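Q: Please take a close look at a single part of this structure, and explain how it sits with the elements that follow. I would like a connected account rather than a list.

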Amino acid sequence: MTTSPAEKALLDVFGYTAFRGEQQAIVEHVVAGGDALVLMPTGGGKSLCYQLPALLRHGVGIVVSPLIALMQDQVDALGQLGVQAAFLNSSLDTTAARAVYSRLYRGDLKLLYVAPERLMQDSFLELLDSLHKEDSLALFAIDEAHCVSQWGHDFRPEYRALTVLHQRFPEIPRIALTATADAPTRAEIIERLALEDARHFVASFDRPNIRYRVTQKANARQQLQAFLETEHPNDAGIVYCLSRKKVEETAEWLRERGCDALPYHAGLDAATRHKNQRRFLLEEGVVMVATVAFGMGIDKPNVRFVAHLDLPKSMEGYYQETGRAGRDGLPANAWMAYGLGDVVSMRKMLDSGDAPEERKRVERQKLDALLGFCESTECRHQTILRYFGEEHPGSCAQCDNCLEPVDT
């Protein structure tokens, strides 16, 4: 049986014997020069969909990513596989950045990760022009493509300008990827990035190994402690809280009760954040108590639970955060305690923000959809999939409503 160049590279570079789901079709489509829009849940193997084509095409693949921590992790991982990769973002000093530029000029790089702000600088676009003249641009990958949508949950205005890639380099293939996009967000990605002619690849959003449970808050900390002691003693997991103060207090409270818990939020200094993140990634049984600032690009396969002590802002947020559990395919728990006080404080936060009124209206609708999910007596897997425009066959036996149906 003959193996394709993509299958050979998959084994030689990444050590995998087979593609998953639509990966092979996506890789071959992009290698052949086609544009693609990829919707694939967290942990579904999105990065391979642009890393492999960059290795198989001539020149360097430019990956636009909004996440500094993720760039670092991916470049480290690629380096260990022997792939020449680098990143350019605000964390590099002038000397380090200059070294990356000279590698780029010499043709020493197969993948370069850049922040969207850096990509849009005139000097960088001119650099891309010169690479293009030498036929040295392999592809453009736009990761976290939902950032382009003002209805998405992570809107980044600089993503809007990325249409320039299509205008300036129309024959270079582009692949846009996201792990969460409802129908309006998807439509906006297509329109904003001029992907009308791109081929769409949509993987299933179901995570059958995750058991979803939502419980009414009585004494949330004690409920959390009971959940951890009965189901997850010594397991790695993430506990999400809304405020930095609550993160600090909850981590300390858990530590006093013998749990190896660490705090993580944007208010900690970079060295502490980095140290805590590394401990979580490398050690067993560490529990990270965090705001949503934590987790973007966290690739730890054996996270056994994700617990929410406060409501997330939206179904997308909830799906993305709980999706960090069980990436190894083994059983994992998504547990959430919510109370009406949460809803009141979330609404206050939304109303007092300085977003335009139309944006606030969308955010209220997203919060209402999440509230509907919390209060629903239907199968949770079905409810989540319906939100993303997908059908789910019957009862799941993997959520509280299917396992212990409520009297209605």
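A: A residue is called buried when its relative accessible area is under 20%, exposed when it is over 50%, and partly exposed in between. The model is a predicted one, and the account begins with helix α7, to which these words apply directly. Helix α7 covers residues 122-133, and its 12 residues reach 17 Å from the first C-alpha to the last, close to the 16 Å expected at 1.5 Å a residue. Within α7, the residues Phe 124, Leu 125, Leu 127, Leu 128 and Leu 131 are buried. Because these residues cover an arc of only 155° around the axis, they are on the same side of α7. The opposite pattern belongs to the face turned away from that buried side, which carries the exposed residues Asp 122, Glu 126 and Lys 133. Just after the helix, Asp 135 takes a positive phi of about 60°.

Most residues other than glycine have a negative phi. Two further residues can be read against that background, and they lie in loops. Glu 144, in the loop between β5 (137-142) and α8 (163-168), has a positive phi near 55°, and with a relative accessible area of 10% this residue is buried. Asn 234 also has a positive phi, about 65°, although it is not a glycine; its place is the loop between α10 (220-231) and β9 (237-240), and at 72% relative accessibility Asn 234 counts as exposed.

The same vocabulary of burial carries over to strand β13, residues 332-338, where seven of the seven residues are buried, so the strand is largely enclosed by the rest of the structure. In contrast to a helix with one buried side, both faces of β13 are covered: Ala 332, Ala 334, Met 336 and Tyr 338 are buried on one side, and Asn 333, Trp 335 and Ala 337 are buried on the other.

The setting of β13 is an open sheet of six strands with parallel pairing, in the order β8-β13-β12-β9-β11-β10. Its edge strands are β8 and β10 (261-264), each of which pairs on one side only, and neighbouring strands are turned by 15° against each other on average when direction is ignored. On one flank of β13, seven bridges join it in parallel to strand β8, residues 210-216, and there Val 214 stands opposite Met 336. Strand β12, residues 305-308, pairs with β13 in the parallel sense over four bridges, and the bridge partner of His 308 in β13 is again Met 336. Elsewhere in the sheet, β10 and strand β11, residues 287-290, pair in the parallel sense over four bridges, with Tyr 264 opposite Ala 290 in β11.

Helices cross these strands. Strand β12, helix α13 (residues 315-322) and β13 make a right-handed β-α-β unit, and α13 lies across β8, β9, β12 and β13, running at about 145° to β12. Helix α11, residues 244-256, lies across β10 and β11 and runs at about 170° to β10.

Technical notes: Residues are numbered from 1 along each chain as its sequence is written. This is a predicted model: local features need pLDDT of at least 70, side-chain atom pairs count only at pLDDT 80 or more; totals for chains, interfaces and linings use all residues. Side-chain values use heavy atoms; hydrogens and water are left out. Helices (H or I, at least four residues) and strands (E, at least two) are DSSP runs, numbered from the N terminus. The expected span of a helix is 1.5 Å times one less than its number of residues. Buried means under 20% relative accessible area, exposed over 50%, partly exposed in between (1.4 Å probe, protein chains only). The arc is that of the directions from the helix axis to the C-beta atoms. Two strands pair if DSSP finds at least two bridges between them. A crossover is right-handed if, with the strands pointing away from the viewer, the path from the first strand over the helix to the second runs clockwise. Axes are lines fitted to C-alpha atoms, for helices over the stretch in contact, and angles run from 0 to 180 degrees between N-to-C directions. Contact means heavy atoms within 4.5 Å.
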